[in-house]
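The exercises below ask you to read packing, burial and strand order from a structure. Try each task before you turn to its solution.

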Amino acid sequence: MDLAIVQSSIGPKPARPATPSDLTRRYQEVRDFTTALCRDLAPEDMVVQSMADVSPTKWHLAHTSWFFETFVLQQHDPNYRALEPAYAFLFNSYYTQAGERHCRAQRGYISRPTVMQVLQYRDYVDEHMSRFLSSDPAQSPVVKALIELGINHEQQHQELMLTDIKHVFSVNPLRPAYQVATAHATLTPSRQHWIGFGERVGWIGWDGDGFSYDNEGPRHREFVAAFELGSRLVTNGEYLAFMADGGYQRPELWLSLGWDAVQQNQWTEPFYWERKDDEWQLFTLAGMRPLDPAEPVVHLSMFEADAYARWAGARLPTEAEWEIAAATVAMQGNFVESGHRHPAPAGGPGQLVQMFGDVWEWTRSPYSPYPGYQPAAGAVGEYNGKFMCNQYVLRGGSCATSRTHIRPTYRNFFPADATWQFTGLRLARDAQ
């Protein structure tokens, strides 16, 4: 098939007629934004799996369609027939109750279906979802909740598409750019201030009327001792000082498993940093560029974030501390909609800034259930609860997160050694 046809088919779709249904509008907007993120990718870009944790773009496009097909259409639309039954095996991720699935580390082996066939699969699911959304079964609260879950699930995969293609391009010797660089204001970071919060019994977790994941509840009370939070994120320049002081050579700064990771992975700098001609550079979605000392440091593991905090005479915040602080500021920040897709320097001296967007902030809190937590019944109950082991909580979203996807109670989670996500840190300490 002609390449131009393939490339044009993955660009933004024409606007569809407006409907009175907010859920229908949300579905259409999110599905269209997913394909828009692929606008400048060639089919060859979309089939590469550069490591086990990375999935090809093509797989993300198919998996998000599989979600709506499996949990909405096949369960609630008696007239639906799968376009290709084998897709259920190829594009299931980790839902064991939904059936057998292909090995995660071998998703790059799936040369067929082609990119074009996956896009046809998306169109097929969208066509049936469009009809289903206006039907009586779609008005059921249970079905509406499943559709909303699917929409938010797709937004998570939009972020993964960006982090994964960044890794794919980073291992290409040509270091291609996903997008053209966008400029931000040249800023000198404000001096780090400490923002104090008194001890309290605080309410933690979601209690609103809109969507939330099951791991954000039940809402409950936690005692939090008085603490202080850094007014902004830690910058590249500050992290360079940690490196210059032998941060990666001093075992006393590291957790035991963290020091093992330093030795085994030969870490000497953050992921995507490179030393060239006595100058630090870093790889971004806009290609290689000189390191900006004012930007937030990003792509740190929890081990690196924790070691830096110790070196700085501080610590990482708990997720309860972070949530209490986040409740005091507006939910504004550098999100995916800005088009930067890279962390930006902070502005505003002495204020609590960058709580949302830019980088996911590591906390010292293990990812575990809140008191009274019960996962949903069936395969969708595998969404969050089954991962509550050997993971740490991150808060706040990143420059690859949608503004409509984040909230103060949102609990992201990754293993402590993960570095390919947009992860950074904010300092905390006990009240002085």
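**Exercise 1: the two sides of helix 8**

On the side of helix 8 opposite its buried residues, Ser-256, Leu-257 and Gln-264 are exposed. In this predicted model, determine which residues of helix 8 are buried, where they fall when seen down the axis, and what covers them.

*Solution.* Begin with the criterion, since a residue counts as buried under 20% relative accessible area and as exposed over 50%. Within helix 8, which spans residues 256-265, Gly-258, Ala-261 and Val-262 are buried. Viewed down the helix axis, these buried residues fall within an arc of 100°, and they therefore line one face of the helix. The general background is that an α-helix has 3.6 residues a turn, so residues three or four places apart point the same way. The cover over the buried residues includes helix 9 (302-311). Finally, just after helix 8, Gln-266 takes a positive phi of about 55°.

**Exercise 2: helix 6 and its surroundings**

Compare the reach of helix 6 with its expected span, establish how many of its residues are buried, and describe how helix 5 packs against it.

*Solution.* Helix 6 has 30 residues and reaches 44 Å from its first C-alpha to its last, which is close to the 44 Å expected at 1.5 Å a residue. Next, 24 of the 30 residues are buried, so helix 6 is largely enclosed by the rest of the structure. Helix 5 (residues 115-133) packs with helix 6 at an angle of about 145°, their axes lying 13 Å apart, and the crossing is left-handed. In this packing Arg-122, Met-129, Phe-132 and Leu-133 of helix 5 meet Val-143, Ile-147 and Glu-154 of helix 6.

A single residue completes the picture: Leu-160, placed in helix 6, counts as partly exposed because its relative accessibility is 23%. Leaving aside residues up to four places away in sequence, Leu-160 touches His-60 and Gln-421.

**Exercise 3: the order of an open sheet**

Give the strand order of the open sheet of 4 strands, and explain why one side of strand 12 and of strand 13 is left without a neighbour in the sheet.

*Solution.* The order is 12-11-10-13, and the pairing is mixed. Strand 12 (412-414) and strand 13 (423-424) stand at the edges with a single partner strand each, so one side of each has no neighbour in the sheet. Strand 12 pairs with strand 11 (residues 392-395) in the antiparallel sense over 3 bridges, and Tyr-392 stands opposite Phe-414 in strand 12.

Note on methods:
Residues are numbered from 1 along each chain as its sequence is written. This is a predicted model: local features need pLDDT of at least 70, side-chain atom pairs count only at pLDDT 80 or more; totals for chains, interfaces and linings use all residues. Side-chain values use heavy atoms; hydrogens and water are left out. Two strands pair if DSSP finds at least two bridges between them. Helices (H or I, at least four residues) and strands (E, at least two) are DSSP runs, numbered from the N terminus. Buried means under 20% relative accessible area, exposed over 50%, partly exposed in between (1.4 Å probe, protein chains only). Contact means heavy atoms within 4.5 Å. The arc is that of the directions from the helix axis to the C-beta atoms. The expected span of a helix is 1.5 Å times one less than its number of residues. Axes are lines fitted to C-alpha atoms, for helices over the stretch in contact, and angles run from 0 to 180 degrees between N-to-C directions. A crossing is left-handed if the near helix is turned anticlockwise from the far one by less than a right angle, and right-handed if clockwise.
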